[in-house]
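Welcome! Please take a look at the sequence and the 3D structure shown here, and then read the notes below them.

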Amino acid sequence: MNLLTSSVTWKKLEQLAQETQEDRISDYFKQDAKRFDKMSVRLGELFLDFSKNKINDDVFKALIDLVEHSSLRQRRAQMFSGDIINVTEKRPVLHTALRNRGDEPVIVDGVDVMPEIRASLDKLKVFSEQVRNGDWKGYKGNRITDVVNIGIGGSDLGPNMVVRALLQFRHPDIKFHFISNVDGQHIKKTLKNLDAKSTLFVVSTKTFSTQETLLNAKTARRWFREQTGGHEDISQHFVAVSTNQAAAMEFGIAQENIFEFWAWVGGRYSLWSAIGLPIALSIGYDNFIDMLEGAYEMDRHFVEAPMDQNMPVIMALIGIWYINFLGAETQAVIPYDQALHQLPAFLQQLDMESNGKSVDINGDPVDYATGPIVWGQTGSNGQHAFFQLLHQGTRFVPIDFIASLEADEQTEEHHFALLTNMLAQANAFMNGDDSDGLLEYQSCQGNRPSNVLLMDRISPRNLGALIALYEHKVFVQGAIWNINSFDQWGVQLGKRLANEISQQIGESTQGYDQSTQGLMALVRKHVKS
């Protein structure tokens with residue numbers, strides 16, 4: 001039997017799930033006039049209200065006991081100190097070192113990595129300021145007006161989300177484009193209206209071997225040469241972010257235009273590294289550092305705050321309660337701010353690629369649910385799309401509402417409507433509507449839980465803190481579930497098979513199942529490789 005599910009604390013939580021099955025969240029407020037104050041946490045300009053959850057004092061105490069009896073403290077210390085916690089790939093996990101704004105060293109294999117990290121930031125600063133100031137010119141002497149990031153997964157989702165979220169901080173004369181999909185229509189549409197003489201491409205690929213990214217990069221290089229009459233020197237228009245300097249140089253990128261990072265930077269945690277180059281180009285180096293500062297503030301809170309006042313720990317435990325004891329299979333993320341419209345997609349990768357595991361760190365099958373399906377979109381659009389199911393459907397879906405309080409002076413009325421809609425929905429999910437005179441099909445039973453996360457305003461610092469909050473939430477859940485949150489062998493399988501099939505589709509296909517053979521034959525007839 002798995003040690004986790006046979007533990008005293010786990011059994012206690014199972015008992016509490018049965019005992020509180022009929023409880024209503026609204027009654028908890030009637031029983032405790034200070035519930036909102038007790039179940040809210042502020043860190044800087046980030047505020048979490050977790051009072052609208054189906055959690056009473058006994059459940060909360062048991063959840064705290066659960067995390068105290070887990071390996072979290074040990075794993076947290078190992079992560080921040082540079083120990084190997086990604087056991088299957090035998091690597092440390094040091095995205096926190098990338099945003100370390102303190103003086104403390106971080107030792108990996110006996111070497112302090114902080115000087116390398118600071119040198120990387122210095123290079124990022126020089127280049128981003130050259131481009132933004134117009135000192136970096138294209139081969140014809142034109143200043144850069146368009147930046148195209150070519151990447152996929154973490155090399156796309158993180159920078160893409162941040163650049164769009166911080167649009168109000170963007171350089172006024174530079175446009176940003178992100179190409180990730182290997183579908184040719186994506187890059188074709190992006191390149192259609194660009195001028196090669198003033199376009200800069202950032203090729204972001206950890207190993208410089210990712211099939212989708214390399215294919216898009218080669219297409220971009222061919223387009224550049226076609227647009228420039230066969231100009232071979234791409235050094236003023238292509239830079240790379242990669243650990244594989246040799247492959248980037250073979251592609252044609254000048255050595256001085258390669259921004260390196262390290263094998264211990266996981267893709268979905270990489271926006272803090274040189275993968276964040278498009279962010280620095282967009283919002284400026286100083287604002288990029290502010291984002292690191294916000295994340296560092298959350299890091300210190302995560303390390304220093306007591307468990308029952310620790311924002312990432314609290315959010316993680318709420319998720320554990322719903323996933324493992326109340327049967328939730330999904331987690332909705334609903335930002336009530338258009339600037340955060342790509343946050344659900346970013347968090348989807350962060351959570352599902354990290355904790356989508358069915359074996360523990362020892363390789364033994366788990367007998368409990370792990371990572372949820374994370375999904376969502378902006379409010380108030382979601383209200384007119386899928387909220388019906390959340391209000392009256394048979395699925396149990398916890399929700400994270402996220403919003404910023406500061407309004408644009410020109411659209412204050414819109415922002416007021418946005419925030420009041422969010423408050424109304426959170427209230428409706430908790431209280432429902434079973435007023436006298438309603439027919440059964442009109443009644444909303446409520447008792448649907450939610451968190452509300454508020455930022456005083458959307459800023460680089462606050463966004464950095466928000467992202468780090470979710471990173472640590474995922475980490476805490478992985479520690480409790482005793483899984484490795486930092487590998488992704490399912491992703492690697494898909495990559496390997498895609499390469500194999502692309503190489504073998506014109507040859508014998510006997511090694512594949514009958515369905516795959518038939519589909520390969522159809523593709524072979526209609527598509528030239």
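This briefing covers a buried strand, a loop with a charged patch, and an open sheet.

This is a predicted model, in which local features need pLDDT of at least 70, side-chain atom pairs count only at pLDDT 80 or more, and totals for chains, interfaces and linings use all residues. Residues are numbered from 1 along each chain as its sequence is written, and side-chain values use heavy atoms, with hydrogens and water left out.

**Strand β14**
- Six of the six residues of β14 are buried (under 20% relative accessible area, 1.4 Å probe, protein chains only).
- On one side sit Ile-399, Phe-401 and Ala-403, and on the other Asp-400, Ile-402 and Ser-404.
- β14 runs parallel to β12 (residues 330-335), joined by four bridges, and Asp-400 is the bridge partner of Val-333.
- β14 also pairs in the parallel sense with β15 (residues 450-455) over six bridges, where Asp-400 stands opposite Asn-451.

**The loop after β14**
- Glu-406 lies in the loop between β14 (399-404) and α17 (412-431).
- Glu-406 counts as partly exposed (from 20% to 50%) because its relative accessibility is 48%.
- Glu-406, Asp-408, Glu-409 and Glu-412 gather in a surface patch of negative charge (residues with over 30% relative accessible area and no salt bridge, like charges joined within 9 Å).
- A salt bridge is a side-chain nitrogen of Lys or Arg within 4 Å of a carboxyl oxygen of Asp or Glu.

**The open sheet**
- Five strands pair (at least two DSSP bridges between two strands) in the parallel order β8-β7-β9-β10-β11.
- β8 (175-179) and β11 (258-259) are at the edges with a single partner strand each, so one side of each has no neighbour in the sheet.

Definitions and conventions: Patch = residues over 30% accessible without salt bridge, like charges linked within 9 Å, V, L, I, M, F, W, Y side chains within 5 Å. Areas by Shrake-Rupley, 256 points an atom, 1.4 Å probe, with all protein chains shown as cover. Lys, Arg positive; Asp, Glu negative; His and termini not counted. Charge placed at Lys NZ, Arg CZ, Asp CG, Glu CD.
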